[in-house]
2 protein chains.
Amino acid sequence: MAGDVFRALADGTRRTILDELAERDGQTLFELCARLTNRHGLGSTRQAISQHLDVLEAAGLIEVRREGRYRFHHLRTEPLEHLADRWLDPPGSNER
Amino acid sequence: MAGDVFRALADGTRRTILDELAERDGQTLFELCARLTNRHGLGSTRQAISQHLDVLEAAGLIEVRREGRYRFHHLRTEPLEHLADRWLDPPGSNER
DNA sequence: TTGACAGGCAAGTGGTTACTTGCCTATTGT
DNA sequence: ACAATAGGCAAGTAACCACTTGCCTGTCAA
């Protein structure tokens, strides 16, 4: 549902996670934790980040690929593509 | 801030309010209450809607124009226009 | 000027959410 | 085998958020 996407994006930490994955896709949980701390000044625990990733996955914004003891996170931009189209038709003119 | 926009859009009632204003701009609080109840099956009180409108205004998604004892609400689509661009560059190739 | 109409203010409540803490499981290198 | 690494589960807490309730202000028509 689209509501899940907006709810997922409503949190600043989650938006930063997407930023990180947009810059370097396929990071593991530990990589993300390290980079969020070092580069973005976020001091969240591993569990907190893990829970954020769950929310992002439920919203379809990331895809999780398990491999051995690693867990790679991939950005999925599809749900982001026509997010606000619902309110943006006027300019053209042809409503359905 | 962009975070305010996502937070504002995270609520279903607020998204429906934007739908209503997209269809018929410049409604008053009472009009909105009536139409949300009758057409969208939402049973919220006037105050609840009023608070939602405050949030939408704070996010820059509506503009409020006072006139006599009426208060007209207008949709502002500008904050919606490049909402997700932040994560959508990859396809092209030319980062800033 | 009085009453009806449109809206505002503010305190309180219940549910949700972000985050922590503590412990557990699975995979891998030596 | 064993320890280190990568991650998972679940209960508890504090803050936030949507919504209600009760009362108040301002505008207009009769």
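This report describes a predicted model of two protein chains and two DNA strands, beginning with the fold and ending with the surfaces near the DNA.

**Architecture of chain A**

Chain A comprises 4 helices and 2 strands. Read from the N terminus, its elements follow the order α-α-α-α-β-β. The C-alpha trace of chain A spans about 50 × 30 × 20 Å along its principal axes.

**The β-hairpins**

In chain A, strand β1 (residues 62-67) and strand β2 (residues 70-75) run antiparallel and are joined by 6 bridges. Within this pairing, A:R65 stands opposite A:F72 of β2(A). The two strands form a hairpin with 2 residues between them, and A:G68 in the turn has a positive phi of about 60 degrees.

In chain B, strand β1 (residues 62-67) is likewise connected to β2(B) by 6 bridges, and the strands run antiparallel. Here B:R66 stands opposite B:R71 of β2(B), while B:E67 has B:Y70 as its bridge partner. β1(B) and β2(B) also form a hairpin with 2 residues between them, with B:G68 in the turn at a positive phi of about 60 degrees.

**Helix packing in chain B**

Helix α4(B) packs against α3(B) and, in a separate contact, against α2(B); the geometry of each pair is tabulated below.

| Helix pair | Angle between axes | Distance between axes |
|---|---|---|
| α3(B) and α4(B) | about 110 degrees | 10 Å |
| α2(B) and α4(B) | about 75 degrees | 10 Å |

For the pair α3(B) and α4(B), the angle is about 110 degrees, and the two helices are therefore roughly perpendicular to each other. Their crossing is right-handed. On the side of α3(B), the contact is made by B:L29, B:L32, B:C33 and B:L36, and on the side of α4(B) by B:R46, B:I49 and B:S50. By class, this contact contains 5 nonpolar, 1 polar and 1 charged residues.

Helix α2 (residues 12-23) of chain B meets α4(B) at an angle of about 75 degrees, which makes α2(B) roughly perpendicular to α4(B). From α2(B), the residues in contact are B:T13, B:R14 and B:I17; from α4(B), they are B:H52, B:V55 and B:L56. These residues divide into 3 nonpolar, 2 polar and 1 charged.

**The contact between the protein chains**

Chain A and chain B each bring 15 residues to their mutual contact. On the side of chain A, the elements that give two or more residues are α1 (2-9) and α2 (12-23). Helix α1(A) gives the most to this side, with 4 residues. By class, the side of chain A that touches chain B has 11 nonpolar, 3 polar and 1 charged residues.

**The surface near DNA strand C**

DNA strand C is surrounded by 20 residues, of which the closest are A:T45, A:G68, B:T28, B:L29 and B:F30. A:G68 is also the residue with positive phi in the hairpin turn of chain A, and B:L29 also takes part in the contact of α3(B) with α4(B). The elements that each supply at least two residues of this surface are α4 (46-58) of chain A and, from chain B, α3 (29-40), α4 (46-58) and β2 (70-75). Helix α4(A) gives the most, with 5 residues. By class, the surface near DNA strand C has 5 nonpolar, 10 polar and 5 charged residues.

**The surface near DNA strand D**

Around DNA strand D there are 20 residues, and the closest are A:T28, A:L29, A:F30, B:T45 and B:G68. B:G68 also lies in the hairpin turn of chain B, with its positive phi of about 60 degrees. At least two residues of this surface come from each of α3 (29-40), α4 and β2 of chain A and from α4 of chain B. Helix α4(B) gives the most to the surface near DNA strand D, with 5 residues. The division by class is 5 nonpolar, 10 polar and 5 charged residues.

Key. Residues numbered from 1 in each chain as written. Chains lettered and ligands numbered in written order. Predicted model: local features only at pLDDT ≥ 70, side-chain atom pairs only at ≥ 80, totals over all residues. Near = placed C-beta within 6 Å. Nonpolar A, V, L, I, M, F, W, Y, C, P; charged D, E, K, R; others polar. Contact = placed C-beta atoms within 7 Å. Axes fitted to C-alpha atoms, helices over the stretch in contact; angles between N-to-C directions. Parallel < 35°, antiparallel > 145°, perpendicular 65-115°, else oblique. Left-handed = near helix turned anticlockwise from the far one by under 90°. Pairing = 2+ DSSP bridges.
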